[in-house]
Structure formats: C-alpha cells, structure tokens
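Hi,

Here is the structure I promised to pass on. Have a look at it first, and my notes follow underneath.

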Amino acid sequence: MLGFLQKLVPQFVQDIWNSLPPLVQYLTITTWKIVFVMFSVILVVAFSTYFERKVIGRMQNRVGPNRVGPLGLGQPFADVIKLVIKEVVIPAKSNKFLFVIAPLLSLTPALAAWAVMPLHPGFVIADINAGLLYVLALTSVGVYGVILAGWATNSKYAFLGAMRTGAQIVAYEIAMGFALVGVLMAGGSLNLGVIVEAQAGGVSQWFWIPLFPLFIVYWISGVAETNRAPFDVAEGESEIVAGFHVEYSGVAFAMFFLAEYANMVLISALVSVFFLGGWASPFEGWTFLQATPLAFMAAPSFGWLFAKICFFMYSFFWYRATFPRYRYDQIMRLGWKIFIPITIIWIGVEGVMAWLRVGPWSGLGA
C-alpha cells in the first residue's frame, strides 16, 4: 500500500518528507491513521442506522427509508441535521455538568478502543503489547456515561434505567473478561495483532473452534453490553419510558445514539479479531487458488475483516427484529448463573488441552 502511494506522490514531495525528523514523520502518519479510522467508523455507524431499518423492514414486510436521496441513502444525513438543529434541553434540577459530560463518557471509549485494532497486516494506530487489557478497560469505562446520565438527570425513570444498565454490564463484563482469558491462553499474547497471527492457516486454526463456548459467551455478552435487543431493559419503552436518556435531546441524544452503534461495530470487530482470525482469509492454505485469478481471495486483507464485521452487524439487526425483550431477572440469571460458570469451566478445559498439546497448542514443544 505504501509503495502504491509513493508512486502517486511527486519526487520533490518525497524528498521533503524524507528530510523531516523521524518524530514528525511518526506523528504525521499516526494522525493520518487516526483521522482515517475515525472517519471510517463514523461513516459505518451512520449507514448502520440505514441498513438496520432496511433489514428490519424487509423482515417485517415493510419498505424502510426510501425518500431521502437515491434509495433512501441520504436518510442518515437527514437524521444528523435534524438532531443538530434541535435544542438541547437541560432539566432545571439536574446536575448540569454531569448531564452534559455523560454522553462524551459513553462515546469516547467506543472510539478510543480502535487505537489498538489491527485492521490489516501492518496497519494499526498503536501496536501495543497490552492491547487486550486496553480494550477490556475501555469497554468497562463506557458504563460510567450511562450511570452518570441517569443520575444527573434527576429523574426516577432515568435513574432506574441507569441502575439496570450498571447491574447488567457488571454481570456480563465478568463473563467477557473470563472469555478473553481463554483467548489470551490460546494466542499467547495480549497484543491483538499477535492474536490474529496465531490464527493463521485457515478456518481450522481460528479460535472459534477450540474456544466455541467462549465465542458464544463473548458474542452474547457483547450484545448485552451494548444494551441491544433482547437485552435492552435499560431503555424499556413499555416499562421506564426511554431509560437513562429520557431527558436528552438534540446533539446530546445523538451522542448516545452514536455511542450505541459505535459499540456495536466495536464488538463485531473484536469478535472477529479474537475468534475468527481478523483479517485472515477463510481460503488461506488453498494452494490451487494461487495459479488462478482468484488468488487474492486467499490473501489476508481488510476486506475479510470488514466482511466479518458486516455479518455480526447484521446479527444485531436480526436479533432486534426477532426476539422479544427478556425479563430483568432472566438477564441477570443468564449472566451470573450460566455464562460465568461456563467460562470458568472452559478455561479449565483449555488448561487440559494445553497440557495435552492439542488445538492451538499442538505446535508447542514438550
């Protein structure tokens, strides 16, 4: 990719670039990566709202957005303009500082986690060795925005939604953490890029096979973490009006909306990286493809990661159109009494697999 870009840049520009100090070059490249990734994530989030309405409309025999722009593709931008020009109403008896800052606390972790996400071989904003811990920490911080929003609003319905969210996220965060312990054991590193590389060699080497129970637990817990149906008790319209963001409007509400979809994209990417090989191709190792025009299909690329993200995003939409909202006691029982014991038991099973040198540990020496 860099070689292709060098051919497009005039020689005198390359000479100027080569004359810059290494620190300036590093900061420039990092800034470009940040802008590119953030712009791409925001675009994906915007059009996810469009495709969600289209998918659910098709499932429920409706049309979905089809008026704004060709095929309704301008609908996300119309929604943004509508929310931006709306007035932000702050309740008189609320804690105004926390009321305003809460949406930022929800959105910032969802975007900051992309700093360590390996999108392509050699393309990551920050290639740190503690990437898995960084992601786990940031996904845990997002709950503070929701809890502060419910408390600062000074509304009983908002506060009830915030407390539901806090209890739900604590329950499922523990299960997600144990599932990531299994990924750490299989990958042998906290670096997300190394975890992806450990799954090289085709579908049979991806972690979803030896870690299948952890894969299911992590994915369902991710759906619960984003407060999406059928785990949307924090926003139960029929029970608590609209939950923690009942008093939010305009740009403040838009930030909560953006944070929810950004977290959906993040969880989809993390599941793909941890269990489905990330950028790895499912056709890797198919040697007969090398002599055909389809040889590119066996090569690792961002396209494969994007396809996996799209599949899981579609699953989010599918669940919303299919499953009814669970009762709160059912959600708590699933998190505490089923998921956590499953993850603990499977970590023990992984220990036995590592001792017997099977699965991801088959290549290790005695």
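Which residue forms a salt bridge with D232, and how far apart are the closest N and O atoms? The partner is R325, and the closest N and O atoms of the pair lie 3.0 Å apart. Please keep in mind that this is a predicted model, and that everything below is computed from it.

**Salt bridges**

The R325 and D232 pair links distant parts of the chain: R325 belongs to the loop between α12 and α13 (328-356), D232 to the loop between α9 and α10, and 93 residues separate them. R325 is partly exposed, at 27% relative accessible area. D232 has 13% relative accessibility and counts as buried, because the cut-off for that is under 20%.

In total, the count comes to seven salt bridges. Another of them joins E52 and R320, with 2.8 Å between the closest N and O atoms. This pair, too, links distant parts of the chain: E52 is in helix α3 (residues 22-59) and R320 in helix α12 (residues 302-322), 268 residues apart. E52 is buried at 2% relative accessibility, whereas R320 is partly exposed, with a relative accessible area of 45%.

R228 also forms a salt bridge, with E260, and here the closest N and O atoms are 3.0 Å apart. R228 lies in the loop between α9 and α10 (237-240) and E260 in helix α11, so this pair ties together parts that are 32 residues apart in sequence. R228 and E260 are both buried.

**Charges over rings**

R228 turns up a second time, as it lies over the face of Y261, at 5.4 Å from the ring centre. A lysine has a similar placement in the model: the charged end of K33 sits over the ring of F123, 5.5 Å from the centre of that ring.

**Aromatic pairs**

There are 28 aromatic pairs by the count used here. One of them is Y218 with F274, whose ring centres are 5.8 Å apart; their planes stand at 90 degrees, so the pair is edge-to-face. Y218 is in helix α9 and F274 in helix α11, 56 residues apart, and the pair links distant parts of the chain. Both rings belong to buried residues: Y218 has a relative accessible area of 2%, and F274 has 0%.

**Helix α6**

I also checked the length of helix α6 (residues 131-152). With 22 residues at 1.5 Å a residue, α6 should span 32 Å, and the distance between its end C-alpha atoms is 32 Å, which agrees. If you redo the arithmetic, note that the expected span is 1.5 Å times one less than the number of residues.

What does α6 pack against? Its buried residues pack against α5 (96-112), α7 (156-187), α8 (192-197), α9 (212-225) and α11 (250-275). Among those buried residues are L132, V135, L138 and T139, as well as G142, V143, G145 and V146. As a reminder when you look along the helix, an α-helix has 3.6 residues a turn, so residues three or four places apart point the same way. After α6 comes N154, which has a positive phi, near 60 degrees.

That is what I have so far. Happy looking!

Best wishes

Methods: Residues are numbered from 1 along each chain as its sequence is written. This is a predicted model: local features need pLDDT of at least 70, side-chain atom pairs count only at pLDDT 80 or more; totals for chains, interfaces and linings use all residues. Side-chain values use heavy atoms; hydrogens and water are left out. Helices (H or I, at least four residues) and strands (E, at least two) are DSSP runs, numbered from the N terminus. Buried means under 20% relative accessible area, exposed over 50%, partly exposed in between (1.4 Å probe, protein chains only). Contact means heavy atoms within 4.5 Å. Rings of Phe, Tyr and Trp (its six-membered ring) pair if their centres lie within 6.5 Å; planes under 30 degrees apart count as stacked, over 60 as edge-to-face and the rest as tilted. A charge sits over a ring if NZ of Lys or CZ of Arg is within 6 Å of the ring centre and within 35 degrees of the ring normal. A salt bridge is a side-chain nitrogen of Lys or Arg within 4 Å of a carboxyl oxygen of Asp or Glu.
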